[in-house]
Amino acid sequence: MVFSSPIFLFGFLALVLPVYFLLPKNFRNLWLFLSSMFLFYAWDMPGYSLIMLFTITFDYVTGIMVADFKEKGRNTAAKAALIVTVVVNIGMLGFFKYTNLFISNINSILGLGISLLKITLPIGISFYTFQTLSYVIDVYRGNCSVQKNFVSFAAYVTMFPQLIAGPIVRYVDVEKELNCRKESLDDFAYGVKRFAYGFAKKIIIANSLGAVWEEISAMSNPPVLTAWLGALAYTFHIFFDFCGYSDMAIGMGKMMGFHFPENFDLPYVSKSVTEFWRRWHMTLGTWFREYVYIPLGGNRKGMARQILNLLIVWGLTGFWHGAAWNFLIWGLYYGLILVLEKLFLLKFLKKLPSLVGHIYTMLLTVIGWVIFANTDFSKMAAYLKNLVYSPAGFCDEYSGYLILSNLFFWIIAWLFSTTCPRRLGAGFSRLSEKHKIFGVAEVVSIAALLTASLMLMAGDAYNPFLYFRF
Amino acid sequence: MKNIALTLVFCLFIGIFSVGSFLAPDRDISENENRPLAQFPKITAEGVAKGRLQADLNTWFSDQLLWRDGLIAGKTKLQKMVGKRDIGDVYICRDGFYIEKTTEEEIDPEIFESNLQAVDLFFKNSGLEAARQNFLLVPPAGYVLKDKLPRGAAFFDYESRKLQAEKITNGSFLDITSVLKKKAENNYYKTDHHWTTDGAFLAYKQFCKIKGIQPLSFQKTLLSDSFLGTLHAKALDSDAKMEKIYSYRRKGDESYRFSINGKATDFGIYDGDKLDTKDKYAYFFGGNYGISTVENCGGEGHLLVIKDSFANSFLPFLLPHYGKVTIIDPRFFIGSVSELLKTEGVTDVLVLYGMETFISDKNVPAILG
């Protein structure tokens with residue numbers, strides 16, 4: 001189910017939330033697990049929920065085994081159990097996600113005709129696999145206690161707010177709340193605000209600029225300015241789409257007493273790529289740092305090894321995003337830039353005015369998104385070329401039209417990428433403690449946001465035909 | 001206090017649209033969208049296992065959302081408020097005009113070329129002399145009324161396409177572009193993608209002028225002043241103003257015998273019932289069919305027309321010049337046009353399309369079959 005759809009909002013949430021709060025506390029994890037697994041996840045892919053159930057059960061069992069071995073001092077056995085878990089989990093992820101890519105590549109390289117597997121990618125497998133792995137690894141490391149309650153563990157993995165699109169919630173992040181959490185009116189109200197912001201970001205900003213990107217990316221040879229507008233549209237689209245989803249997830253989690261980690265911290269204010277990756281998809285960065293970079297040795301084995309580690313981690317980070325080679329290139333693209341920054345670029349940038357660093361970062365980010373957005377290399381090359389030169393010239397009248405017709409969305413996308421709204425919001429909250437009118441304004445604006453988002457969402461399903469379809 | 005209010009707002013938001021959508025009776029059709037709306041699906045174990053029930057429920061919810069029409073109209077209002085100049089693939093233009101957004105990028109030059117070749121071959125195969133072959137492409141509003149488009153709006157290049165059409169079908173192409181440019185605002189509907197009957201009449205007079213025949217006289221009558229057409233449906237702008245739709249009548253035209261797919265109709269060529277529906281343009285001939293014939297028109301000869309819906313407001317002017325007119329719409333026609341040409345004693349042929357349809361319709365080459 002998609003968060004921004006009537007069935008989720010007015011079917012699923014309308015059922016699950018009231019039941020959640022009506023149930024006594026020790027039944028809430030069970031309800032969370034059952035509704036997330038059999039209603040939310042199984043909705044679109046009924047059979048595939050069994051695959052997730054297998055992973056949950058497998059990691060639940062190995063988690064207990066690892067903890068048991070460690071307790072008894074059998075460290076080799078614990079390590080073996082851990083390795084088996086990692087292999088099985090990554091193996092399943094690799095099988096479902098990457099097999100067909102490798103088959104088609106082998107076919108084209110060796111001229112074979114092996115048929116592709118008829119499997120669909122189970123939704124969220126990239127997310128929940130990383131989450132279950134974080135549990136077993138952290139049990140092994142002694143960072144968290146083993147979870148002997150299957151329902152609680154299953155609730156951790158499946159809970160619907162973060163199941164399909166993150167944030168990647170490590171077990172340690174919610175260990176306490178899983179076993180004992182307190183839902184409160186204040187948390188619920190905060191969750192409502194986060195949810196409303198996320199919904200609006202997705203439906204109002206992301207969808208509108210996404211449409212601009214769709215139109216421009218379909219052009220065969222747009223003028224240079226139009227190509228930049230398209231890349232910028234995608235830059236905003238992907239941020240507000242992903243960030244909006246994370247906001248909704250965090251908001252819904254908060255309503256039910258969970259404090260998920262933040263996933264985005266205004267990445268587009270960054271003055272270096274190093275800073276960008278501390279603000280973009282933060283839970284992914286944390287996961288790769290904790291479970292790949294540090295085990296590889298991080299920066300503790302000399303500069304040469306650190307560079308290698310960075311490139312490995314970033315290659316994997318890129319590749320995690322999708323089963324296509326452009327994602328690997330995208331990851332290595334950033335890996336290389338980060339290495340250069342670490343070696344000398346950062347020091348150099350710090351000497352310059354921060355605006356330079358900001359422009360440098362945004363330029364590299366926008367170009368990075370063009371690499372990310374095009375799985376077809378010839379289309380990617382053509383688009384990158386159009387950013388520099390186009391047979392249609394620098395701009396045409398339609399470039400101006402694309403700016404003016406979407407001016408509102410360009411402006412609010414830019415505005416909400418900066419710190420302004422945050423500072424405004426903080427000011428508002430402070431004032432609302434003293435003067436009631438600000439509190440009223442806040443509630444009214446949340447209601448207005450929800451209404452506007454609802455209208456746009458309703459319009460997505462509008463499908464007129466010229467002649468009657470019977 | 002504020003937190004109680006926020007919680008309440010959220011609960012009302014979820015509650016109203018969930019309970020309301022379930023309790024409100026299912027609507028049958030969407031007049032604006034011209035399609036039936038999904039009804040609440042039957043719950044079967046098989047449907048659940050295959051995922052069909054879930055997909056049906058997704059659609060049901062989207063189609064039967066409480067206050068759906070109002071919400072969608074609200075969406076258009078919001079988009080206009082923030083300055084969007086095209087909504088639902090329709091440009092919001094000056095003076096209350098709506099113009100379909102068709103850009104160069106959307107045109108497939110191969111389809112257009114093959115359609116033109118098909119028409120040229122069709123004429124050659126007809127065995128008729130050049131003067132009896134007629135090819136009319138109606139220029140789009142986006143070209144004739146281009147000064148109404150929002151500034152910088154992209155629209156496909158009509159002129160080069162017209163020249164291409166003239167070149168390939170040399171001689172049979174009749175250019176009506178210049179007459180439609182005169183008093184252009186009267187010649188196209190504001191809320192519909194078709195030309196008005198006024199525009200069709202001007203084209204008729206030009207047609208007669210080129211062919212050297214005397215145009216007949218008609219009486220202009222008002223059919224309705226509450227017409228909201230296809231472009232209103234696409235953009236769903238509540239600011240759209242209803243407009244007038246006219247027909248040009250001629251004495252005796254009620255006695256035309258009109259048959260659709262072989263069956264006689266009871267309404268002549270004008271279907272008055274359609275004036276009570278949203279699709280008032282369907283007054284002309286009742287709509288589009290694979291094959292229909294009009295007989296007893298008062299003139300001589302048998303005209304074969306290959307057309308799209310643009311011809312519907314044009315043909316009433318041509319009918320009295322012929323004895324019988326056979327009308328074929330390749331989108332719906334299953335049969336052989338070349339057979340018809342051989343066996344039905346066709347004396348004249350006319351291919352009439354709106355340029356926007358002709359440039360993208362894949363069914364045109366079927367006329368060679």
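This is a short talk on three spots in a two-chain structure: a strand and a helix residue in chain B, and a surface patch in chain A.

Okay, so bear in mind that what we're looking at is a predicted model.

Let's start with strand β12 of chain B, residues 302-307. How many of its residues are buried? That would be 6 of the 6, so the strand is largely enclosed by the rest of the structure. Now, side chains in a regular strand alternate between the two faces of the sheet. Here both faces are covered: you've got H302(B), L304(B) and I306(B) buried on one side, and L303(B), V305(B) and K307(B) buried on the other. And yes, that list includes a lysine, K307(B).

What does β12(B) pair with? There's β13(B), residues 324-328, running parallel and joined to it by 5 bridges. Then there's β14(B), residues 348-354, also parallel, with 5 bridges to β12(B). If you want to find the register, I306(B) sits opposite I328(B) in β13(B), and K307(B) faces L352(B) in β14(B).

Staying in chain B, have a look at Q206(B), in helix α10, residues 197-211. Buried or exposed? Its relative accessible area is 16%, and the cut-off for buried is under 20%, so Q206(B) counts as buried. Skipping neighbours within four places in sequence, Q206(B) touches D175(B), I176(B) and V179(B).

Last stop, chain A. I106(A) is in helix α4, residues 75-110, and it's partly exposed, at 38% relative accessible area. Together with I109(A), L110(A), L112(A) and I114(A), I106(A) makes a nonpolar surface patch of about 500 Å².

Definitions and conventions. Residues are numbered from 1 along each chain as its sequence is written. Chains are lettered from A and ligands numbered from 1 in the order in which they are written. This is a predicted model: local features need pLDDT of at least 70, side-chain atom pairs count only at pLDDT 80 or more; totals for chains, interfaces and linings use all residues. Side-chain values use heavy atoms; hydrogens and water are left out. Patches are made of residues with over 30% relative accessible area and no salt bridge: like charges are joined within 9 Å, nonpolar side chains (Val, Leu, Ile, Met, Phe, Trp, Tyr) within 5 Å. Accessible areas come from the Shrake-Rupley method with a 1.4 Å probe; for residues, only the protein chains shown count as cover. A salt bridge is a side-chain nitrogen of Lys or Arg within 4 Å of a carboxyl oxygen of Asp or Glu. Helices (H or I, at least four residues) and strands (E, at least two) are DSSP runs, numbered from the N terminus. Buried means under 20% relative accessible area, exposed over 50%, partly exposed in between (1.4 Å probe, protein chains only). Two strands pair if DSSP finds at least two bridges between them. Contact means heavy atoms within 4.5 Å.
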